[in-house]
Amino acid sequence: IIKDAFISDKTIMTKSCSADLVTQTDQDVEKLIISTLRTKYPTHSFIGEESSADGEPCKLTDNPTWIIDPLDGTTNFVHRALIITEFGSNRDQEIINPITANMHGIISKPKPAHGIRCFGSAALNMCQVARGGGDAYIETGIHCWDIAAGDLIVREAGGAVMDTRGGELDIMSRRILCASTVSLANQIVECTKEINMPRDGE
């Protein structure tokens, strides 16, 4: 069921909030697991993530009980973009506030990112994009020596590297956006605002 659904269009619903996702696949897999186990263990009890969300009692007793998460990592299964960023070392409000606002824009856009990660190094961040461990990386305030090697690695891997406003990368501008595709990079440009920093060498 999961293998077939992975490459098909998915019916996506929400539970407690917009980031708490459930698909028809979650529900179908849980029903299959419970029905299969119940055939062999008719006296056992079951607590399922999706059936509990639908109102079934979530009650643990002394009876042998199977606790089931039918598809652990539904968000990854649905796969909205995983964005990598850093906030840098400058904690001045005039710098932190627009960076935070841009992150808010990314995670609340019509097709929001499913997560934001920070690895602590521009080179590691860009290598994550190059290897498929992240879908995009955006940062303002880094320096040319932070991104020169990563720029090459992402391009060689077939990714897109550009300015945070969508133009050609200016390696001295202290800002960068790279992504697995040009289309994803452009989506990020559309939901973020320009942040200017003193250029390297100034």
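Contact is taken to mean heavy atoms within 4.5 Å. On this criterion, residues 24 or more positions apart account for 59% of the contacts in the chain with a separation of 6 or more. The structure is a predicted model, in which local features need pLDDT of at least 70 and side-chain atom pairs count only at pLDDT 80 or more, whereas totals for chains, interfaces and linings use all residues. Residues are numbered from 1 along each chain as its sequence is written, and side-chain values use heavy atoms, with hydrogens and water left out.

The chain contains 8 helices and 9 strands, assigned as DSSP runs (helices H or I, at least four residues; strands E, at least two) and numbered from the N terminus. Of its 202 residues, 39% count as buried; buried denotes under 20% relative accessible area, exposed over 50%, and partly exposed the range in between (1.4 Å probe, protein chains only). The exposed surface of the chain amounts to about 11600 Å², of which carbon and sulfur atoms supply 53%, as computed by the Shrake-Rupley method with a 1.4 Å probe.

Strands of a sheet pair through backbone hydrogen bonds, either parallel or antiparallel. Here two strands are said to pair if DSSP finds at least two bridges between them. An open sheet of 5 strands follows the order E6-E5-E7-E9-E8, with mixed pairing. Its edge strands, E6 (115–117) and E8 (160–162), each pair on one side only. Neighbouring strands of the sheet are turned by 20 degrees against each other on average, direction ignored; axes are lines fitted to C-alpha atoms, for helices over the stretch in contact, and angles run from 0 to 180 degrees between N-to-C directions.

Within this sheet, strand E7 (residues 136–140) is mostly covered, with 5 of its 5 residues buried. Ala136, Ile138 and Thr140 point one way from E7, while Tyr137 and Glu139 point the other way. E7 pairs with strand E5 (residues 82–85) in the parallel sense over 3 bridges; Ile84 has Tyr137 as its bridge partner, and Thr85 has Ile138. With strand E9 (residues 175–179), E7 pairs in the antiparallel sense over 5 bridges, and Glu139 stands opposite Ile176 of E9.

Two helices are associated with these strands. Helix H6 (residues 122–131) lies across E5, E7 and E9 and runs at about 155 degrees to E7. Helix H8 (residues 182–190) packs on the sheet, touching E5, E7, E8 and E9, and its direction makes about 135 degrees with that of E9.

In helix H2, the end C-alpha atoms are 25 Å apart, in agreement with the 24 Å that its 17 residues should span at 1.5 Å a residue, the expected span being 1.5 Å times one less than the number of residues. The buried residues of H2 include Val29, Ile34 and Leu37, together with Asp26 and Glu30.

The structure holds 1 aromatic pair. Tyr41 and Trp66 form this pair, which is tilted, at 5.7 Å centre to centre and 40 degrees between the planes. Rings of Phe, Tyr and Trp (its six-membered ring) pair if their centres lie within 6.5 Å; planes under 30 degrees apart count as stacked, over 60 as edge-to-face and the rest as tilted. The pair links distant parts of the chain, 25 residues apart: Tyr41 lies in the loop between H2 (24–40) and strand E3 (45–48), and Trp66 in strand E4 (residues 65–68). Tyr41 counts as partly exposed because its relative accessibility is 29%; Trp66 is likewise partly exposed, with a relative accessible area of 31%.
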